[in-house]
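Student: I have a protein model open and would like to learn how to read some of its local features. Could we go through them one at a time?

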Amino acid sequence: MFNIVAREELNPTVTKLVVDAPFIAKKAKAGQFVIIRSHELGERMPLTIADYDREAGTVTIIFQIVGKSTKILNGLNVGDEILDFVGPLGVPSHIEGLKRVCVIGGGVGCAIAYPTAKALHDNGAEVTVISGFRNKDLVILEDEFKAVSKNMYMMSDDGSAGEKGLVTNKLEELLLAGETFDEVIAIGPLIMMKFVCAVTKKYDVKTVVSMNPIMIDGTGMCGCCRLTVGGEMKFACVDGPDFDGHLVDFDEAISRSRQYMKFEAQARDEDCN
Ligand code: FES
């Protein structure tokens with residue numbers, strides 16, 4: 001059992017939990033994830049490690065309330081326990097040798113983008129962050145990103161936070177103005193990552209995306225997390241979650257991600273007490 005030692009609501013639909021998990025904290029690296037099950041009959045959920053503290057032995061996860069399982073998880077408080085908390089899983093983000101990087105986070109994807117931005121910063125890279133939200137009420141991790149970036153731009157759909165517009169508008173503005181990056185790292189909704197890749201392809205900038213498909217075992221056995229990358233089948237849990245964005249078949253990934261949306265919404269709206 002894994003004890004929850006801190007809990008914070010970052011916005012009305014996004015919650016941060018700090019969990020006592022010393023063995024995972026010891027080995028965790030940016031870009032990796034855990035699979036959790038909050039109770040015996042609970043669904044297995046992959047959640048990216050948003051932060052870790054090796055000394056305190058804690059791992060931080062940040063999640064959005066999407067379906068029944070995340071609703072149940074959101075109901076847990078400090079002192080409550082999570083039944084299974086398995087990891088670290090997946091290949092850590094590649095950060096070595098990168099000097100100038102643009103990290104783009106969309107919505108709750110910022111929770112995944114932050115540890116990567118922090119790891120790059122700690123490794124001496126000059127980090128530009130572009131974060132995007134629907135509106136000011138959904139903004140998360142603003143101070144955290146500022147602390148690890150040289151330049152930080154925030155975009156919102158309605159202009160209530162930062163500038164009005166999409167992350168791709170800001171990215172293209174920077175590239176048009178002659179900004180250069182060794183790599184762009186984009187993490188957020190599939191549609192956002194698809195269009196970030198369309199922009200960077202035009203400017204020939206290497207782009208890495210973090211894919212977060214449905215997962216069951218997280219060890220390459222079930223095939224549930226399969227994606228097509230460069231015409232080959234890859235498993236996000238063991239080959240990723242980071243992939244070359246210019247090679248990912250986003251249309252296929254988007255169509256697969258929509259398969260269970262109706263069931264997720266139904267389950268979330270049921271009384272799950
Ligand atoms: Fe089963 Fe990746 S989650 S193969």
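Tutor: Let us begin with aromatic rings, keeping in mind that this is a predicted model. A search of the whole structure finds two aromatic pairs.

Student: How far apart are the ring centres of F2 and F85, and why is the pair called tilted?

Tutor: A pair counts as tilted when the angle between its planes is neither under 30 degrees, which would be stacked, nor over 60, which would be edge-to-face. The ring centres of F2 and F85 are 5.6 Å apart and the planes meet at 35°, so this pair is tilted. The two residues sit in distant parts of the chain, with F2 in strand 1 (residues 2–11) and F85 in strand 7 (residues 84–89), 83 residues apart.

Student: Is F2 buried, exposed or partly exposed, and which of these words fits F85?

Tutor: Buried means under 20% relative accessible area, and exposed means over 50%. F2 has 22% relative accessibility and therefore counts as partly exposed, whereas F85, at 3%, counts as buried.

Student: What kind of pair do Y114 and F145 form?

Tutor: Y114 and F145 form an edge-to-face pair, with 5.8 Å from centre to centre and 85° between the planes. Because Y114 lies in helix 3 (residues 110–122) and F145 in helix 4 (residues 142–148), the pair ties together parts that are 31 residues apart in sequence. Both Y114 and F145 are buried.

Student: Now I would like to read the backbone; where are the cis peptide bonds at P88 and P241?

Tutor: The general idea is that most peptide bonds are trans, and that most residues other than glycine have a negative phi. In this model, a cis bond joins G87 and P88, with omega about -5°, and P88 lies in strand 7. Another cis bond runs from G240 to P241, with omega near 15°, and P241 is found in the loop between helix 7 (236–239) and strand 16 (242–244).

Student: What is the phi of L141, and what is the phi of D204?

Tutor: L141 is not a glycine, yet its phi is positive, near 60°, and its place is in the loop between strand 9 (126–133) and helix 4. D204, likewise not a glycine, has a positive phi of about 55° and lies in the loop between helix 6 (190–202) and strand 13 (207–210).

Student: Are these two residues buried or exposed?

Tutor: L141 is buried, with a relative accessible area of 9%, while D204 is exposed, with a relative accessible area of 70%.

Definitions and conventions
Residues are numbered from 1 along each chain as its sequence is written. This is a predicted model: local features need pLDDT of at least 70, side-chain atom pairs count only at pLDDT 80 or more; totals for chains, interfaces and linings use all residues. Side-chain values use heavy atoms; hydrogens and water are left out. Rings of Phe, Tyr and Trp (its six-membered ring) pair if their centres lie within 6.5 Å; planes under 30 degrees apart count as stacked, over 60 as edge-to-face and the rest as tilted. Helices (H or I, at least four residues) and strands (E, at least two) are DSSP runs, numbered from the N terminus. Buried means under 20% relative accessible area, exposed over 50%, partly exposed in between (1.4 Å probe, protein chains only).
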